[in-house]
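User: Let us go through this structure in short questions and answers.

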Amino acid sequence: MQKYIYVILTLSLAFATSVPARQTTVTGSVHTGLDYWERSYDEDTEEKDNSDDGDKKEIGIGPDITIVSEGIRDSVSFRYAPLLKYDDTEDETDIEHYLSLAAERMLNRKWSVSVSDDYRLSDDPYFSATEFADISSVSTEDSNSDETSSDQNEADQTEPDTSRTHTDELSKDGGRSRYWTNNLSLQTQYSFAESTSLNFGYTFAVLRNDSSDEDAYDEYDRHTLSANLSYAFSRKWTTRLGGDYTRGLYDDVLDPEDPEGLAMISDDLDSYGLDYRLAYEPSGTDLYPLDYNFVTTQYENENRRDTFAHNMSMGWEHAFDQRTQMRVGGGPSYAEAEDLDGEWGYNAYFDLSRSYEHAQISLSLDKRYDTQNFTGSTDAGLKDAFTAQLRYTQQVTQSLDANVYGRYRWESNLDPQDEYLETVDENEVAVEDSTGDVVYDKNSYELGAGLNYAFLRYYSAGLKYAYYISDGDLSSDQYNDHRVMLTLTATKNLWRW
């Protein structure tokens, strides 16, 4: 891990020193807060019970340092936020770490390169939605910002996209298992014209366990190569073609059917994806896209089927006015698992947002076939999924903002494995002929609300509440989570030169 950080830091310093004319800002924060997290299972088992095992009642405190340096042709940013947390339930202390580095450099007017690295050590499976330290990154000197809640990150991630999406979020089923992740990204883009460009990228992601919990995540290394070409035939007609290749490397596990315990099972995989879009824009208020995406996953495990998924859609994007935008579209989908007949379905998306002077409301719906292979859970593979989310934000006063959101997700695993397959009737498995004959379904519901209040120029206080319900066939994913977070932050620009 230290090697990766050293490489990125070296590259960042090289970027920073390449151009003498620049502006650098150093922002410091101190944040403290309370985090109450409780999980209750619907069914008592030997492994899961309704006691306070796994619950958290934490008090946290830590600094946050952010450095942003911008030049004429490059920019560099660094952020480090360690967090010391005491858990009253377990009477133990842990330190979490959040570190991010990013740099971008314009080699000339048309060619740019960028590099970024993000590292986190935590036990929070809700990191993307409710990062404990995120409020500290909000400067109270700009209290008019509508982005004062980290729940906005969740909204951004769940907005429907007409291209192929990756829903490889970390599974919440494991509870508060301690883990660390590191994501390294290298990108380069060359712009031939205003709407014509070529992009190449490489990402390297790691998931590792930092505890010996029975519910620990499945560790992996993930390598991804990608390329995208955007081309404008004219002012009204544009096209985009993209492809990616992913290599997933997992730790081998013992074959339970091997009496001597010598054989190993490999969960390594190769995934290929293709996206294509053709769009017609007759005016500044209307856009008509035609989208096609394809993804296939090939597993080294001979007992697991390779999968394929196709989604094609036609859509309409319309701006009713400067405050109201809509996107709607849909089309046929086709999914197939190896040695099984394919399944025809559909994909659809709908996104409607309305902005007011001090508020915003948005509704998003998304239905498609997609793959999940990097969630840290064996509930992976080809899935038919539907997601709906409604969100409302309000700038109550210049110093006080509020938000509330609701989210529902249904997903059907079309090729369940391990304990998820064991929940299926053996008779159904015996007569399986087509993709979708044997599935594992799961529903999840989430409600949340938050307040953020800025006062005395440098200070802010935040209150968040989230309620999450998981409803599946296994006792391990039949539970509900309650979470309350209270934070107090002091933020100040320390230096600028």
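User: Are arginine 368 and aspartate 366 buried or exposed?
Analyst: The model is predicted: local features need pLDDT of at least 70, side-chain atom pairs count only at pLDDT 80 or more, and totals for chains, interfaces and linings use all residues. Residues are numbered from 1 along each chain as its sequence is written, and side-chain values use heavy atoms, without hydrogens and water. Buried means under 20% relative accessible area, exposed over 50%, and partly exposed in between (1.4 Å probe, protein chains only). Arginine 368 and aspartate 366 are both buried.

User: How far apart are the closest N and O atoms of arginine 368 and aspartate 366?
Analyst: The two side chains form a salt bridge. That term covers a side-chain nitrogen of Lys or Arg within 4 Å of a carboxyl oxygen of Asp or Glu. Here the closest N and O atoms are apart by 3.2 Å.

User: How many salt bridges does a search of the whole structure find, and what is the N to O distance for arginine 120 and aspartate 118?
Analyst: The search of the whole structure finds 30 salt bridges. In the pair of arginine 120 and aspartate 118, aspartate 118 counts as partly exposed because its relative accessibility is 24%. The N to O distance in this salt bridge is 3.0 Å.

User: How many residues apart in sequence are the parts that lysine 56 and aspartate 87 tie together?
Analyst: The side chains of lysine 56 and aspartate 87 meet in a salt bridge of 3.6 Å, N to O. Lysine 56 lies in strand β2 (residues 56–71) and aspartate 87 in strand β4 (residues 83–87), so the pair ties together parts whose separation in sequence is 31 residues. Strands (E, at least two residues) and helices (H or I, at least four) are DSSP runs, numbered from the N terminus. Lysine 56 and aspartate 87 are buried, and the separation asked for is 31 residues.

User: Which residues are linked with Lys56 and Asp87 in a network of salt bridges?
Analyst: Lys56 and Asp87 belong to a wider network of salt bridges. The other members are Asp35, Glu58, Lys85, Glu96, Asp123, Asp124, Arg176 and Arg483.

User: Which elements give two or more residues to the nonpolar patch?
Analyst: The patch covers about 750 Å² and is made by Leu34, Tyr36, Ile59, Tyr86, Leu451, Leu463, Tyr465, Val484 and Leu486. Patch residues have over 30% relative accessible area and no salt bridge; like charges are joined within 9 Å, nonpolar side chains (Val, Leu, Ile, Met, Phe, Trp, Tyr) within 5 Å. The elements that give two or more residues are β1, β22 (459–471) and β23 (478–496).

User: Why does leucine 34 count as partly exposed?
Analyst: Leucine 34 lies in strand β1 (residues 22–41). Its C-alpha is 5.8 Å from that of glutamate 58, 24 residues away in sequence. Leucine 34 counts as partly exposed because its relative accessibility is 45%.

User: How many bridges join β16 to strand β17?
Analyst: Two strands pair if DSSP finds at least two bridges between them. Strand β15 (residues 307–319) and strand β16 (residues 324–337) pair antiparallel over 11 bridges, and a hairpin of four residues joins them. Histidine 318 stands opposite methionine 326 in β16, while glycine 329 stands opposite tyrosine 349 in β17. β16 and strand β17 (residues 343–355) run antiparallel, and the bridges joining them number 12.

User: Which residue in the turn between β16 and β17 has a positive phi?
Analyst: The hairpin of β16 and β17 has five residues between the strands. Most residues other than glycine have a negative phi. The turn residue has a phi of about 70 degrees although it is not a glycine, and it counts as exposed because its relative accessibility is 73%. The residue is aspartate 339.

User: What is the phi of aspartate 418?
Analyst: Aspartate 418 is found in helix α3 (residues 418–422). Aspartate 418 counts as partly exposed because its relative accessibility is 45%. Its phi is positive although it is not a glycine, at about 55 degrees.

User: Which residue's backbone oxygen lies 2.9 Å from a polar atom of the side chain of threonine 296?
Analyst: Threonine 296 sits in strand β14 (residues 286–299) and is buried because its relative accessible area is 4%. Threonine 296 touches Asp270, Ser271, Tyr272, Thr307 and Phe308, leaving out residues up to four places away in sequence; contact means heavy atoms within 4.5 Å. The backbone oxygen at 2.9 Å belongs to threonine 307.

Conventions
Areas by Shrake-Rupley, 256 points an atom, 1.4 Å probe, with all protein chains shown as cover. Polar contact = N/O pair within 3.5 Å; in protein donor to acceptor, adjacent residues only side chain to side chain.
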